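Here are a few exercises to work through at your own pace. Have the viewer open, try each task, and then compare your steps with the solution.

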Amino acid sequence: MVLSLTPEIAVVFLVVLAALALFATEPVPIDITAIGIMVTLMVLEPWTGVSPAEGVSGFASSATITVLAMFILSYGVQRTGAVQILGRKIAAFTKDDETRQLGATVGVVGSISGFINNTAAVAILMPMVTDLAHEGKTSPSKLLLPLSYASMFGGTLTLIGTSTNILASDLAARLGAENPEAFPELHAFSMFEFTALGVIVSVVGAAYLMTVGRWLTPARIPPEDDLTEEFELEEYLTEVVVEADSPLVGQTVADALAATDLDVDLVQLVRGGKTFAEPLGPKQIQADDIFAVRTDRDTLLDLIDAEGLALVPNADVTEEELETADRDRNLVEVVVAPRSSLVGETLASANFRDRYDATVLALRRGPEYIRKRMDHAELQVGDTLLVYATPDSIGRLNANRDFIVAQEIERPDYRESKIPLAVGIVAAVVGVAALDALPIMVSALAGALVMVVTGVLEPAEVYEAVEWDVIFLLAGVIPLGIAMEETGAADLIADLLVASADLLPAIAVLGLFYVVTAVLTNIVSNNASVVLMIPVAAEAAAQLGANAFSFVLAVTFAASTAFMTPVGYQTNLFVYGPGGYKFTDYIRVGAPLQILFAVVTTAGIAALWGVYPSP
């Protein structure tokens, strides 16, 4: 039966198209877009079929609650410092061998991502991998993109590897329960139901990254020991001395900077053999003061001519000289995290210098460096800031969800004595769910509660652990799937895709669903892709008389592995700035891997579950 385009379906398609455009362009955060979708569907109930109760059902969904609990469990492991200890042991093993570094990166993040949120795994391991690269004289670019990719295919190992799997499981269970005659194969995924397939794609993915992928991955950032050289600051950091007749003498630093429109930052002050750093604003400028400044050569000449300054001989400043002059401050790379509240802000509007007692010396955006007028550049996800700050300030940046500090820093508050307890709790959650003693939602919530009761986490940290934007995203997009089912929109799309079965065998249609979902996921949110495509895949399978579970699994794996764009998956954005990647790098390295995964996943599903249900 071929459906026609009804007014109800047309309205849902318009909502879907608007949602896809907003997800792809992100004029507002995607969680806000998701809530807007939810509200729109309820307001348009006569056409969408989504009642208020169904509209807010995403907040009570077992998928949403399970993801929330998994955030807490992941954070509990993170607060013990277990992953950091593992990183130190790996560094001792890999040393300066790039093959070992790459193998350890892929192997460790792939394994960890099967049991903790893969986004959290990348955020935790990125400092370790960056340090591995610097200490081993390897370009960070050679390791960071494999880190992101390996976390994605590692997330396919278990039900809890990624929020996509949990959401897909919930959608499959609901479809199977609502229409058991049409979808008798659909049910909630068990903990290790698709682990065999996850192992296959992980082995294939690891082999690709260690061979062809290694050759295709560029070394965008040279393996420099000195961060000022890595950010090419040799022409931008120098020292000047205040001459006796300078008009600046007697002014405060803040007033002097406010009075000039020149692009200059004062990084530190040397006076009488003592070094001073932020906050420099209140200090009164004196003759013979020596300032380390960040500016370009042309501006420096204007500054010297206008303000009575003189260039200190051999004045190019290195990282070692900065840190030697002020042993209380360090240079670190800080990445603007996905969904950071600073996205769209500037360093000036965010009052970065005063808020964090830190100076930004340069900004790297993919392969581009910004060293002029940085205070007025709008921050984007993945921007990497070269920050000069005290250990306390760096610690505050590291604890702030807006940032990821891309080097390992010492944290005295790790609860290392709780490592066995935290790991044991996660293992118990997995074991109980795997044995079907309790649903995964119940075991995960119980595990989160035990984390607090046993002191692995403080009560207040429970709320800090949850990425609330992801929770609102899930709750907002779930009603979209309901609208597609209620109005017949999913059936209509399935009709169009099933029409290809006249020309293609069923296994090729299965592969087609993988490809369509993968392309969609590389443009919009992976969770939105699952919500849109699973009802379509299930309906297409029903029309073909095929195995609905196989089709749903193809969509789930495709949505979890978006390799071709920086915006396809959060972890790709994490490494964009620190790796200095170009957009085309993701296509060059990711497209062959995406094609390889399409073939391997489709063949694996056909071999393990069959394209058609068992008689």
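**Exercise 1: the sheet**

What is the order of the strands in the open sheet of 5 strands, and is the pairing parallel or antiparallel?

*Solution.* Keep in mind that this is a predicted model.
- Step 1: Reading across the sheet gives the order S8-S7-S9-S6-S10, and the pairing is antiparallel.
- Step 2: Strand S8 (368–370) and S10 are the edge strands, since each pairs on one side only.
- Step 3: On average, neighbouring strands are turned by 30 degrees against each other, direction ignored.
- Step 4: Zoom in on one pair: strand S7 (residues 358–365) joins S8 in the antiparallel sense over 3 bridges. Here arginine 365 has glutamate 368 in S8 as its bridge partner.
- Step 5: Helix H27 (residues 570–579) packs on the sheet, where it touches S6, S7, S9 and S10. The direction of H27 makes about 100 degrees with that of S7.

**Exercise 2: the faces of a helix**

Find the buried residues of helix H18 (residues 391–399) and explain why they line one face.

*Solution.*
- Step 1: Taking under 20% relative accessible area as buried, you should find Ser393, Ile394 and Leu397.
- Step 2: Look down the axis of H18: these buried residues fall within an arc of 100 degrees, so they line one face of the helix.
- Step 3: Recall that an α-helix has 3.6 residues a turn, so residues three or four places apart point the same way.
- Step 4: Turn to the other side of H18, where Asp392 and Ala399 are exposed.
- Step 5: Ask what the buried residues pack against: the partners are strand S6 (330–336), helix H17 (352–356), strand S9 (384–389) and strand S10 (403–405).

**Exercise 3: two crossing helices**

Describe how helix H24 (residues 506–521) and helix H28 (residues 583–608) cross.

*Solution.*
- Step 1: The two axes come within 10 Å and cross at roughly 140 degrees.
- Step 2: That angle makes H24 oblique to H28.
- Step 3: The crossing of H24 past H28 is right-handed.
- Step 4: Residues making the contact include Leu510, Tyr514 and Ala518 of H24, and Phe597, Thr601 and Ile605 of H28.

**Exercise 4: a positive phi**

Where does aspartate 436 lie, and is this residue buried or exposed?

*Solution.*
- Step 1: Aspartate 436 is not a glycine, although its phi is positive, at about 60 degrees.
- Step 2: Its place is the loop between helix H19 (419–434) and helix H20 (440–453).
- Step 3: With a relative accessible area of 62%, aspartate 436 is exposed.

Key:
Residues are numbered from 1 along each chain as its sequence is written. This is a predicted model: local features need pLDDT of at least 70, side-chain atom pairs count only at pLDDT 80 or more; totals for chains, interfaces and linings use all residues. Side-chain values use heavy atoms; hydrogens and water are left out. Buried means under 20% relative accessible area, exposed over 50%, partly exposed in between (1.4 Å probe, protein chains only). Helices (H or I, at least four residues) and strands (E, at least two) are DSSP runs, numbered from the N terminus. The arc is that of the directions from the helix axis to the C-beta atoms. Contact means heavy atoms within 4.5 Å. Two strands pair if DSSP finds at least two bridges between them. Axes are lines fitted to C-alpha atoms, for helices over the stretch in contact, and angles run from 0 to 180 degrees between N-to-C directions. Angles under 35 degrees count as roughly parallel, over 145 as roughly antiparallel, 65 to 115 as roughly perpendicular and the rest as oblique. A crossing is left-handed if the near helix is turned anticlockwise from the far one by less than a right angle, and right-handed if clockwise.
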